[in-house]
Amino acid sequence: MIGIRPRSTLTALALALAATLVASLAAPGAAAAKVRAVFVGIDKYQFSRTAGQANAGFDDLSGAVADTRRIKAALTTAYGFALDQSPPGQCRSGNAASITLTDTCATKAAILAAWNDAIRASAAGDTLILYFAGHGSRFLDQNGQDQASLHNSTLMAHDARQPGAQADADIIDNEVRAIIDSATGKGVRVVTWFDSCNSGTASRDGQSASRSAPDLMVSNLRPMAPPRQYGSYGAYRVHLGAAGDGEDAKEVGSVGNRAGVFTTALAKALIAAPQASFADIAAKIVEEVTTATRNRQLPHAEGALRATLDGPEIRVPTFDVVLDRGQLVMAGGALVGVTAGSEFALYTGTSEAVNANGDAPLLVAQVTRLEAGLAFLMPIGGMPANLPGRMVAREQRHRFASRLGLAVNDAAALGVVQRLGFVAVDARGPFRLASAADGTMLFGRGGVELAKLPAADAPNFAPRLAAALEKVARAEEWLALMRPRAGIALCVATGDRANFDPLGCPSQSGGRTLRLKQPAWTSVVNESDQPRFAYVLGISSKYEVTLAMPGFGAVERTPLAAGTPLAMPRGQSFSMTSLEPMRFVAISSDAPMPAGVLEQSATDVQDKSACLSAVARAFCLGADGARSGGIPRVINWSVAVVPVEVAP
């Protein structure tokens, strides 16, 4: 275990290194990066009951158009964006920063065209906001098995639900995903805010108005196919939705002065804390909306929630913490790599937890008891009074259960290695560190090159080595716990996706061979007799850990029914980029888990967030009233592991 010494012991060189790394972590992006937006608000529908279609099943709205003005005003106040101004009586307006479509101008074709125009005008590093207020619906997806709820969500354009039409003007979530893919594929960050029903995966209701419509009754609906590429160049997606699958999104107020509860809370949160992370904004929205609707509407948040609207995502694992009957309980246990004896710093929110400038925590606590999905913490130095209603934990000291055997063939590096308490110098260890002509090489099992590092006497050698070995040790320790446990079948598939049947894909505990650069995907089957939440992670030979399912970084709120399959979403796939083997691990649990905290970059990647690592921070910094109630408890879980070999 590495102790953290006072800052007074820092050398000038270590201070310079820390400043450089922290600055790169905190930088909001390129100076030329721009924020663009498309705002859509629909009160009047061409084929609603209000418009004379007696059997439409839905009425016009009153507050959606006004919500576009509210959210634009909030963005202008909070960030000073020069957004377009909508003249009275006009349903379309725009400038270089934004486009606004309302009512008759908000047809499906016009909405998709505006989204694509905004993407074409954006460059890598820019941010695109897509806001929608109006009716939402859903349909039963009879052709796919890529959502646990078996339903796809829709956004209803002005011309939706035309009687007798061959193609409907609902924009389904797969089409929204295609738009997001095309943006992130060119490096554009995408933020979607949808104030409609069922927006957790892509009615507004209150008094006599409802932002919901009957399910879309279609068969053989085939949405446009999104591109395979999802995300690059540091791009991310963030989604905040007004309501979950099957929930109404409410609007309140007198006729002529209605407002969406979600949009009202969102605007208020943006103005109150413009630099807050999306996680903290979402937390404020959830608190306000659930209170206003008496828990009948639960907003949904997913994606790069550690990012801010004008800044990058800081990929440091964080955990929710509640105070339950005097006990600090953290949503994360052994199944996601938490270990007994590790120490966590607790903060008021995610923004503070990932602040590279080192905001002082509310308290530091140690894991004293561990379950599969929960960790119980004991404050170090006593429990403070008047803790806030929401806390977020970031690991500050990790206790490894075992030591990583490392052969060191570079005498100059030996001193650094000996300071790593989780590493044992072992001439016969499975990992090896050796000097090279232009630096130092870290080798893994079978001689795999894990990382090319600077020379041992270089100032950034120690943090680079510590970060790489920490990734190896964490993944190795977690994989040792992932023993197969009946209840979930995992399939790694390739070939023609159109003919793929997840139920017909047998469990592959014996392994799978894939071809180099050939598209492939994963699927699972819940073989237990109870609903389960399912997660699939891929672990490369360089210990990169990626959450493959739920797809596209989604957060599933609907468990997978017993005996049913779930496949990686259409449009998402992976391909093997080297001949090195990898492993896929599937976990199912009877309560949701933050499986994304296991994600990490490869050992040869230098992370901007290295200074926030529990291990590497010791080198790069030179350091030789609370909410009660529960976090769902994981009682039953299953594990399946499929090793993958790669052939040319």
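Reader: In what order do the strands of the open sheet with 5 strands stand?

Author: A sheet is read from one edge strand to the other. In this predicted model, the 5 strands of the open sheet follow the order 27-33-32-29-30, with mixed pairing.

Reader: Which strands stand at the edges?

Author: Strand 27 (512–515) and strand 30 (545–549) do; each has a single partner strand, so one side of each has no neighbour in the sheet. Neighbouring strands here are turned against each other by 30° on average, direction ignored.

Reader: In what sense do strand 32 and strand 33 pair, and over how many bridges?

Author: Strand 32 (residues 582–589) and strand 33 (residues 637–647) are antiparallel, and 8 bridges join them. One can also look at which residues face each other: alanine 586 is opposite alanine 640 of strand 33.

Reader: Which strands does helix 9 lie across?

Author: Helix 9 (residues 461–481) lies across strand 29 (533–539) and strand 32. Its direction makes an angle of about 55° with strand 32.

Reader: How do I read a single helix, such as helix 4?

Author: Look at its span, then at its cover. Helix 4 (residues 173–184) has 12 residues and reaches 16 Å from its first C-alpha to its last, close to the 16 Å expected at 1.5 Å a residue.

Reader: Is helix 4 mostly covered or mostly uncovered?

Author: Helix 4 is mostly covered, with 11 of its 12 residues buried. A residue counts as buried under 20% relative accessible area. Among the buried ones are Asp173, Arg177, Ile179, Ile180 and Thr184.

Reader: What share of the residues of the protein count as buried?

Author: Of its 648 residues, 56% do. The accessible surface comes to about 26,400 Å², and carbon and sulfur atoms hold 52% of that. The secondary structure consists of 10 helices and 33 strands.

Reader: Which residues have the most contacts inside the largest nonpolar core?

Author: Leu75, Trp193 and Leu266 have the most contacts in this core, which has 39 residues. Elements giving two or more residues to the core include helix 2 (64–79), strand 8 (189–195) and helix 5 (261–272). Helix 5 supplies the largest share, 7 residues.

Reader: What does tryptophan 193 touch?

Author: Leaving out residues up to four places away in sequence, tryptophan 193 touches Ile71, Leu75, Ile129, Leu130, Tyr131, Phe132, Leu240, Leu266, Leu270 and Phe278. There is also a second, separate core of 37 residues, with Ala365, Ala375, Val545 and Val634 among them.

Methods:
Residues numbered from 1 in each chain as written. Predicted model: local features only at pLDDT ≥ 70, side-chain atom pairs only at ≥ 80, totals over all residues. Heavy atoms only, no water. Pairing = 2+ DSSP bridges. Helix = DSSP H or I, 4+ residues; strand = E, 2+ residues; numbered from the N terminus. Axes fitted to C-alpha atoms, helices over the stretch in contact; angles between N-to-C directions. Contact = heavy atoms within 4.5 Å. Expected span 1.5 Å × (residues − 1). Buried < 20%, exposed > 50% of the residue type's maximum accessible area, 1.4 Å probe, protein only. Areas by Shrake-Rupley, 256 points an atom, 1.4 Å probe, with all protein chains shown as cover. Core = buried A, V, L, I, M, F, W, Y, C linked by side-chain atoms within 4.5 Å.
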